[in-house]
Amino acid sequence: PYAAESAFFDRVPAAKDSDPSRIPLIVAVSRHEPRKGIDVLLQALARLRSAGVRFRAHLAGGGPLLAENRALASRLALDDCVTIEGVVPDVRALLDAADVLVLPSREEQSGSLAILEGLQAGAAVVASAVDGLLEDLTDGHDALLTRPNDPAHLAATLERVLTEEPLRRELQKGARATFDARFSAAPFSAADRKSVV
């Protein structure tokens, strides 16, 4: 078992705004490096924009490909709907505002703390079906899983979550339930006590 540091703070996720006129917010918290697939996400967002899907996106995180991904976003004409902020000292407010958390990894070495924090914030999760994430997420319950390195599939999956509000609400509810059951302080501490006994 593992947990994010935020699991040890008593935080209740803010209620997600259900105003249909509000443009949904996609958040990605990830390093800009090849295995994280931020370029795949940007290509998927360009497809969404071309299809007329309304969204805002905020990408947080540093890394060696940060400048390259900013340039790609500009080439894809995403500057007016995508913010690539770089390193953010505290992502909690950003995650609390997120309607959707996306992690488009090509591969993961193990689990993802960003995913755990997104589950805690009650965001609908869209993530690649790769080792490390498959062990933590259940497709259709707390996340929608996508084929890695496939912008078209990622775009189609994001479009479902953005345009089907009942689906998004169910995923948000499932995300928080998974966090409470598996990744909050109580199950982590209980597992730690068992390993000591």
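Colleague: Between which two elements does the loop that holds A77 lie?
Modeller: This is a predicted model, and A77 is a residue in one of its loops. The helix on one side of that loop covers residues 66-75 and the strand on the other side covers 82-86. The two elements are α2 and β3.

Colleague: What is the phi of A77?
Modeller: Most residues other than glycine have a negative phi. A77 is not a glycine, yet its phi is positive. The value is about 60°.

Colleague: Is A77 buried, partly exposed or exposed?
Modeller: Buried means under 20% relative accessible area and exposed means over 50%. The relative accessibility of A77 is 47%, so A77 counts as partly exposed.
The class asked for is therefore partly exposed.

Colleague: Which residue in the loop between β6 and α5 has a positive phi without being a glycine?
Modeller: That loop runs between β6 (143-146) and α5 (151-163). The residue in question has a phi near 60° and is partly exposed, with a relative accessible area of 46%. The residue is N149.

Colleague: How many helices and strands does the protein have?
Modeller: From the N terminus on, the order is β-α-β-α-β-α-β-α-β-β-α-α-α. Counting the α and β entries gives the totals for the protein. They are seven helices and six strands.

Colleague: What share of the protein's residues is buried?
Modeller: A residue counts as buried when its relative accessible area is under 20%. The protein has 197 residues, and the share of them that is buried is 50%.

Colleague: Which helix gives the largest share of the largest nonpolar core?
Modeller: The largest nonpolar core has 33 residues, and I26, L42, L45, F55, L59, V82 and L158 touch the most other members. Eight residues of this core come from one helix, residues 38-50. That helix is α1.

Colleague: How many residues are in the other core, the one with A114 and F183?
Modeller: This other core lies apart from the largest one. Among its members are A114, L119, L137 and F183. Its size is 27 residues.

Colleague: How many of the residues in α4 are buried?
Modeller: Helix α4 covers residues 113-121 and is mostly covered. The buried residues are A114, I115, L116, G118, L119, Q120 and A121. They pack against β1, α3, β4, β5 and α6. Out of nine residues, the number buried is seven.

Colleague: At what angle do the axes of α4 and α6 cross?
Modeller: L116, L119 and Q120 in α4 meet A175, R176, T178, F179 and F183 in α6. The crossing is left-handed, and the two axes come within 6 Å. The angle is roughly 115°.

Colleague: Which residue has a side-chain oxygen that reaches to the backbone nitrogen of A114?
Modeller: The pair is found at the start of α4. The oxygen comes to within 3.3 Å of the nitrogen. The residue that carries the oxygen is S112.

Colleague: What phi does G122 take, just after α4?
Modeller: The phi of G122 is positive. Its value is about 75°.

Colleague: Is S128 buried or exposed?
Modeller: S128 is found in strand β5. Leaving aside neighbours within four places in sequence, S128 is in contact with L103, P104, S105, L133, L145, T146 and P148. The cut-off for the buried class is under 20%. At 2% relative accessibility, S128 is therefore buried.

Colleague: Which residue has its backbone oxygen 2.7 Å from a polar side-chain atom of S128?
Modeller: The residue is one of the contacts of S128, a list that also includes L103 and P104. The oxygen belongs to the backbone, while the polar atom belongs to the side chain of S128. The residue is S105.

Definitions and conventions. Residues numbered from 1 in each chain as written. Predicted model: local features only at pLDDT ≥ 70, side-chain atom pairs only at ≥ 80, totals over all residues. Heavy atoms only, no water. Core = buried A, V, L, I, M, F, W, Y, C linked by side-chain atoms within 4.5 Å. Buried < 20%, exposed > 50% of the residue type's maximum accessible area, 1.4 Å probe, protein only. Helix = DSSP H or I, 4+ residues; strand = E, 2+ residues; numbered from the N terminus. Contact = heavy atoms within 4.5 Å. Polar contact = N/O pair within 3.5 Å; in protein donor to acceptor, adjacent residues only side chain to side chain. Axes fitted to C-alpha atoms, helices over the stretch in contact; angles between N-to-C directions. Left-handed = near helix turned anticlockwise from the far one by under 90°.
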